[in-house]
Each structure stands twice: as C-alpha cells, then as structure tokens.
Amino acid sequence: MAKKILIALDDSENAFRAAEFVAQNFSKDNLVTLLSVMLDTAALCKMDSPELIPLFKSQQTSFCALEDKKRELMREAMKKAKNALVAAGFPPEHVTTKIEDKKHGVARDILAEAEKDYQLIVMGRRGISGVKELFLGSVSQKVFNGAKDISVLIVN
C-alpha cells in the first residue's frame, strides 16, 4: 500500500539530500509531496505608507527583487528534487510540489500539512551552530518535537 511522504524542502543541500534519500531508499509507489514554506514578505512589497522609514522606502524595490529571486531559486530547488525522484523511478504523477507562504511558523506549517494523512515527514538536518540551535532551535528539531502520530526522519 502506498504511503504519503512529506519532504520539507528549502534550497539547501541538506534538504536536497532528504529528497535523494527518499529517492534511493523508498518504494516508488509512494506518494511524495515536496513542501517549502516561505516567509510572506509580499505584503511589504505592496506597502506604500507614510509611516515607512525612508531607508526602507529607498530600498523597497531592491528588497522585493530579492524576494522574487528567492522564490525563483525555490522553484528551481523543487524542480531539481522532483527530477531526482523521477529519475530514481517515482512516476511524475506521484510527486507533487507545494510552495506556501508562512502562516504560523515554518515548523508549525509543516506539521499542519503533515496532518493531511501523511505517514512520514522527511527533512534535512540544518547545519547551524550548537549555540544558535540552543537558543533558537532548528526547524527540524521543532518538527521532530511537535510531531504527533507521525514519524519524522531527519537526514544528515
């Protein structure tokens, strides 16, 4: 019986290794969703208010161009991950991609998606320093600790 696998993806090599791990180690009849949760900064790009500080106003166009580039890079990362899964034998119709704006927090949004009948969350381990992780926590750590009734696989 096919399982639903959720791969949390960003544009890092760690995240791509998670997709490669699934491609190499899981049955090709499984249904895979590649999910990226992006910070929702589009509202800042549309703002035109006198309350905005002059520095932001002067750099708003550059900031928004960077955000467009970030989304383009994410679409490319999704395509690369999907191609790796398909090349490993997953039928293209078994691999879907989703790029969603952050609603409640990256980890919470991943967990909310996982509640839609997924059996497994797969994600890469974030390579941040021990001190930063101690104070901020990583997305993978938050997903691992917050997951209920679903398995989480962290790929190194």
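# Reading the predicted model: why each label fits

β2 is mostly covered: seven of its eight residues are buried. This is a predicted model.

Me: What makes β1 count as largely enclosed?
Reply: Four of the five residues of β1 are buried, so this strand is largely enclosed by the rest of the structure.

Me: How do you know that β1 and β2 pair?
Reply: Two strands pair if there are at least two bridges between them. Five bridges join β1 to β2, so the pair qualifies. The two strands run parallel. I5 stands opposite V32 in β2.

Me: How many helices and strands does the protein chain have?
Reply: The chain has six helices and five strands. Their order from the N terminus is β-α-β-α-α-β-α-β-α-α-β.

Me: What share of the protein chain is buried?
Reply: Of the 156 residues, 35% are buried. The accessible surface comes to about 9,500 Å². Carbon and sulfur atoms hold 56% of that surface.

Me: How far apart in sequence are the residues that contacts join?
Reply: Take contacts between residues at least 6 apart in sequence. Of these, 76% join residues at least 24 apart.

Me: Which residues have the most contacts inside the largest nonpolar core?
Reply: They are I7, V22, V32, L34, L85 and V122. This core has 23 residues. β1, α1 (13-25), β2, α3 (54-87) and β4 each give two or more residues to this core. Apart from it lies another core, of 15 residues. A114, I121, M123 and A147 are among its members.

Me: What is V122 in contact with, leaving aside its neighbours within four places in sequence?
Reply: V122 is in contact with I5, L6, I7, A8, A18, V22, L153 and V155.

Me: Which residues of helix α4 are buried, and what do they pack against?
Reply: In α4 (residues 106-114), the buried residues are A107, D109, I110, L111, E113 and A114. These buried residues pack against four strands and a helix: β1 (4-8), β2 (31-38), β3 (95-101), β4 (120-124) and α6 (139-146).

Me: Why is the pair of F21 and F26 called edge-to-face?
Reply: Two values decide. A pair of aromatic rings is described by the distance of the centres and the angle of the planes. Rings pair if their centres lie within 6.5 Å, and planes over 60 degrees apart count as edge-to-face. F21 and F26 are 6.4 Å apart, centre to centre, with 65° between the planes. Both values meet the rule, so the pair is edge-to-face. The count comes to one aromatic pair.

Me: Why do F21 and F26 count as partly exposed?
Reply: Buried means under 20% relative accessible area, and exposed means over 50%. F21 has 31% relative accessibility, so F21 falls in between. F26 has 23%, so F26 falls in between as well.

Me: What makes K4 a charge over the ring of Y118?
Reply: One part of the rule is a distance within 6 Å of the ring centre. The charged end of K4 is 4.4 Å from the centre of the Y118 ring. That distance fits, and K4 sits over the ring. K80 lies over the face of F16, at 4.2 Å from the ring centre.

Me: Why is R75 called partly exposed?
Reply: R75 has 49% relative accessibility, and exposed means over 50%, so R75 counts as partly exposed. R75 lies in helix α3. How far is R75 from T97? These residues are 22 apart in sequence and 9.0 Å apart in space, C-alpha to C-alpha.

Me: Where is D117, and is D117 buried or exposed?
Reply: D117 is in the loop between α4 and β4. Its relative accessible area is 58%, and the cut-off for exposed is over 50%, so D117 is exposed. Phi of D117 is near 70°, a positive value in a residue other than glycine.

Me: How do you know that D149 is exposed?
Reply: D149 has a relative accessible area of 85%, which is over 50%, so D149 is exposed. D149 is found in the loop between α6 and β5 (151-155). D149 has a positive phi of about 60°, although D149 is not a glycine.

Technical notes: Residues are numbered from 1 along each chain as its sequence is written. This is a predicted model: local features need pLDDT of at least 70, side-chain atom pairs count only at pLDDT 80 or more; totals for chains, interfaces and linings use all residues. Side-chain values use heavy atoms; hydrogens and water are left out. Buried means under 20% relative accessible area, exposed over 50%, partly exposed in between (1.4 Å probe, protein chains only). Contact means heavy atoms within 4.5 Å. A nonpolar core is a set of buried Ala, Val, Leu, Ile, Met, Phe, Trp, Tyr and Cys residues joined through side-chain atoms within 4.5 Å. Accessible areas come from the Shrake-Rupley method with a 1.4 Å probe; for residues, only the protein chains shown count as cover. Rings of Phe, Tyr and Trp (its six-membered ring) pair if their centres lie within 6.5 Å; planes under 30 degrees apart count as stacked, over 60 as edge-to-face and the rest as tilted. A charge sits over a ring if NZ of Lys or CZ of Arg is within 6 Å of the ring centre and within 35 degrees of the ring normal.
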